[in-house]
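This briefing sets out selected features of the structure shown below. The points are grouped by topic and are intended to be read alongside the coordinates.

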Amino acid sequence: MSKSNDASYIIIQLILGAVSVLIVQYILPGVEVDGFFTAFVVAALLTLLNLTIKPILIFLTIPITILTLGLFLLGINAILILLAAEIIPGFSVDGFWWALLFSLILSIVNSILGVNLGGKRGN
């Protein structure tokens, strides 16, 4: 597979991720996104955070994740969304619970749209 095909696949996935962010923003009143470019940056940053920081947080919180039967992973997702909201101007989340709900609904919308941010492409 050529690098241009890989790059176009990544761009398409990020565009679909941005569409997912915009859809979830319309569903949840506690989440604000200024526009498509901001949603694109949110999708890109969440992908970057999920590939870099999330594995470290999961490793550091293994005991509490085991005690909560994996439910603490939802909290990690919400924390990463709140971190993205702090970094990106034009993207705001009203609190932890909105971030948790945003995470859950974004996962559902991504599944419906077939978005695979951070994963490997099937051949």
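## Briefing on helix and strand packing

With a relative accessible area of 12%, Thr38 is a buried residue. The model is predicted, and every value below is computed from it. Thr38 belongs to helix α2, which covers residues 36-60. The points that follow begin with this helix, proceed to α4 and its packing against α5, and close with strand β1 and two residues of positive phi.

**Helix α2 and Thr38**

- Beyond its neighbours within four places in sequence, Thr38 makes contact with Val33, Ile88, Pro89, Gly90 and Phe91.
- Thr38 and Ile10 stand 28 residues apart in sequence, and their C-alpha atoms are 17 Å apart in space.
- The buried set of α2 consists of Thr38, Ala39, Val42, Ala43, Leu45, Leu46, Thr47, Leu49 and Lys54.
- The end C-alpha atoms of α2 lie 34 Å apart, which agrees with the 36 Å that its 25 residues should span at 1.5 Å a residue.
- At Ile53, α2 bends by about 40 degrees, and the proline Pro55 follows within four residues.

**Helix α4 and its buried residues**

- In α4, 16 residues at 1.5 Å each should span 22 Å; the end C-alpha atoms are 23 Å apart, in agreement with that expectation.
- Gly75, Ile76, Asn77, Ala78, Leu80, Ile81, Ala84 and Ala85 are the buried residues of α4.
- These buried residues of α4 pack against α2, β2 (91-93) and α5.
- Ile76 is situated in α4 and counts as buried because its relative accessible area is 2%, under the 20% cut-off.
- Once residues up to four places away in sequence are set aside, Ile76 touches Lys54, Leu57, Ile58 and Thr61.
- Between the C-alpha atoms of Ile76 and Thr65, which are eleven residues apart along the chain, the separation is 10.0 Å.
- Gly75 is also placed in α4, and its relative accessibility of 12% makes it buried.
- Outside the range of four places in sequence, Gly75 touches Phe96 and Leu100.
- Gly75 and Leu104 are separated by 29 residues in sequence and by 11 Å in space, from C-alpha to C-alpha.

**Packing of α4 against α5**

- The axes of α4 and α5 (residues 96-113) are 8 Å apart, and the two helices pack at an angle of about 105 degrees.
- α4 is therefore roughly perpendicular to α5, a class that takes in angles from 65 to 115 degrees.
- On the α4 side, the contact is made by Leu74, Gly75, Asn77, Ala78, Ile79, Ile81 and Leu82. On the α5 side, it is made by Phe96, Ala99, Leu100, Phe102, Ser103 and Leu104.
- By class, ten nonpolar and three polar residues form this contact between α4 and α5, with no charged residues.

**Helix α5**

- The 18 residues of α5 should span 26 Å at 1.5 Å a residue, and this agrees with the 25 Å between its end C-alpha atoms.
- Buried in α5 are Ala99, Leu100, Phe102, Ser103, Ile105, Leu106, Val109 and Asn110.

**Strand β1 and Val31**

- Val31 is found in strand β1, which comprises residues 31-33.
- The relative accessible area of Val31 is 0%, so this residue is buried.
- Leaving out residues up to four places away in sequence, Val31 touches Gln25, Phe91, Ser92, Val93, Trp98 and Phe102.
- Val31 and Val93 are 62 residues apart along the chain, yet their C-alpha atoms are separated by 4.6 Å.

**Positive phi values**

- Most residues other than glycine have a negative phi.
- Leu69, a residue other than glycine, has a positive phi near 55 degrees.
- Leu69 occupies the loop between α3 (62-67) and α4 (72-87).
- Leu69 counts as exposed because its relative accessibility is 79%, over the 50% cut-off.
- Gly114, just after α5, adopts a positive phi of about 80 degrees.

How values were computed:
Residues are numbered from 1 along each chain as its sequence is written. This is a predicted model: local features need pLDDT of at least 70, side-chain atom pairs count only at pLDDT 80 or more; totals for chains, interfaces and linings use all residues. Side-chain values use heavy atoms; hydrogens and water are left out. Buried means under 20% relative accessible area, exposed over 50%, partly exposed in between (1.4 Å probe, protein chains only). Contact means heavy atoms within 4.5 Å. The expected span of a helix is 1.5 Å times one less than its number of residues. The bend at a residue is the angle between axes fitted to the seven residues ending there and the seven starting there. Axes are lines fitted to C-alpha atoms, for helices over the stretch in contact, and angles run from 0 to 180 degrees between N-to-C directions. Angles under 35 degrees count as roughly parallel, over 145 as roughly antiparallel, 65 to 115 as roughly perpendicular and the rest as oblique. Ala, Val, Leu, Ile, Met, Phe, Trp, Tyr, Cys and Pro count as nonpolar, Asp, Glu, Lys and Arg as charged, and the others, Gly among them, as polar.
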